[in-house]
Amino acid sequence: MKLHYFIMTMLLGMSISLQTALAQERNLQGDVMVVPVLPDAPILSTDDYPECREDWQKIEAPFERANDINRCTELLDRFYDGKLLPFADQMIAHQTELSRLYSEEVAGNPTLTPAVHDDFYARMRAEFSKSEPNGEYMSDYQAAVARYGADREYLQDRFCFNTGCNGYPVPEYTPPEPVQIAANDDDGNKKDKSKKGKKSKKKKTANKGCGRARKRGGFLGSVLGGVAGQAAGLDGIGSLLAAGVGGILVGEIACQLTKEEQEEAVKATKKVTEAEAVGATAEWKSPTREGVSGSSTVTALASRPNGRKCMTITDIAIIDGEETRIEKQMCKSRGDKAYVLEA
């Protein structure tokens with residue numbers, strides 16, 4: 001008898017609970033209010049991650065390798081700035097919207113039953129947790145950030161390996177001899193053009209430091225150009241890199257100046273970076289040569305989402321009436337004391 005009474009009581013309680021749930025459902029579908037739908041979380045695609053980490057190994061000349069390493073590093077930085085940082089911001093916005101929905105449209109809303117309120121809160125918190133830095137939705141992001149960091153560290157090490165910095169020796173490299181092409185003279189006999197070829201080679205190497213800087217698009221002004229070290233094959237420019245000039249001057253200008261002139265040009269750049277104002281200009285003159293002067297001018301300022309500050313600077317060098325004008329990018333991260341050359 002007691003067992004029968006207990007079973008009847010349980011069935012009655014379940015019936016009442018079911019009726020309450022149905023009443024809550026009808027209440028949600030009425031004219032008063034509909035519970036807000038949780039927004040979809042942003043999705044990160046890494047299909048376009050730059051696959052260029054080992055491209056430098058396909059190149060023979062050390063400084064051409066370094067140039068390709070800089071190219072890859074710039075691609076990685078663009079991916080980080082243009083894809084990873086925006087995704088992190090999108091995820092923060094996603095969490096902000098979740099919190100807003102709960103606080104503004106659910107919490108304290110008298111048209112919602114306690115059960116509906118608790119259900120929404122539980123789902124909102126679960127979605128919020130998945131969006132945390134170590135959450136499910138951020139796993140691809142964290143993996144991409146780790147890969148970016150490892151690739152960039154590896155490329156910087158390989159940059160030094162191919163240029164001679166951070167303890168690596170200056171690489172030895174002998175360019176292959178140019179192929180001599182024999183031509184027929186007026187009588188149909190082969191004539192040797194080796195002498196002409198040698199003259200041409202001598203002419204090309206008369207100012208090989210500047211020639212190579214131009215060919216590489218300004219080697220000293222590369223993404224990793226701020227790394228101190230020697231630069232084999234650039235004659236006197238290598239020692240200037242070790243002195244820190246490589247992190248401030250662009251190669252196409254640096255290679256035309258004496259050490260004293262480079263120091264004056266560096267002072268001008270440092271002065272305008274300290275001003276941190278568009279239009280800031282500093283001029284310099286050669287302490288040893290007449291007709292050699294230049295200037296640095298800030299033409300743009302920008303702040304990146306990760307807190308990195310950058311400025312565009314136009315460098316001008318005038319040598320015997322011939323002007324060289326180069327635009328460069330200098331940046332610094334949070335905590336850095338000075339701007340360094342980025343590209």
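These legends describe close-up views of a predicted model.

**View 1. Threonine 324 in strand β6 and its surroundings.** Threonine 324 belongs to strand β6, which covers residues 322–332. Its relative accessibility is 9%, so threonine 324 counts as buried, the limit being under 20%. The side chain of threonine 324 makes a polar contact of 3.2 Å with the side chain of glutamine 256. Leaving aside residues up to four places away in sequence, threonine 324 touches Glu252, Ile253, Gln256, Asp315, Ile316 and Ala317.

**View 2. The salt bridge between glutamate 104 and arginine 100.** The closest N and O atoms of glutamate 104 and arginine 100 are 3.0 Å apart. Both residues sit in helix α2 (residues 62–106); because they are 4 residues apart there, about one helical turn separates them. Glutamate 104 counts as exposed because its relative accessibility is 58%. Arginine 100, at 26% relative accessibility, counts as partly exposed.

**View 3. The salt bridge between arginine 289 and glutamate 261.** The N to O distance between these two side chains is 2.7 Å. Arginine 289 is in the loop between β3 (281–285) and β4 (292–303), while glutamate 261 is in helix α9 (residues 259–275), so the salt bridge ties together parts 28 residues apart in sequence. The two partners also have their own accessibility values. Arginine 289 is partly exposed, at 33% relative accessibility, whereas glutamate 261 is buried, at 0%.

**View 4. The salt bridge between glutamate 276 and lysine 309.** Here the side chains meet at 3.5 Å, N to O. Glutamate 276 lies in the loop between α9 and β3, and lysine 309 lies in strand β5 (residues 309–319); the pair therefore ties together parts that are 33 residues apart in sequence. Glutamate 276 has a relative accessible area of 28% and is partly exposed. Lysine 309 likewise counts as partly exposed, with 33% relative accessibility.

**View 5. A network of salt bridges that share partners.** Glu51, Arg53, Glu54, Arg147 and Asp151 are joined into one network by salt bridges with shared partners. Side chains of opposite charge can pair when their charged atoms come close. The count for the model comes to 21 salt bridges, taking a side-chain nitrogen of Lys or Arg within 4 Å of a carboxyl oxygen of Asp or Glu as the criterion.

How values were computed. Residues are numbered from 1 along each chain as its sequence is written. This is a predicted model: local features need pLDDT of at least 70, side-chain atom pairs count only at pLDDT 80 or more; totals for chains, interfaces and linings use all residues. Side-chain values use heavy atoms; hydrogens and water are left out. Helices (H or I, at least four residues) and strands (E, at least two) are DSSP runs, numbered from the N terminus. Buried means under 20% relative accessible area, exposed over 50%, partly exposed in between (1.4 Å probe, protein chains only). A polar contact is a pair of N or O atoms within 3.5 Å; within protein, one must be able to donate a hydrogen and the other to accept it, and residues adjacent in sequence count only if both atoms are side-chain atoms. Contact means heavy atoms within 4.5 Å.
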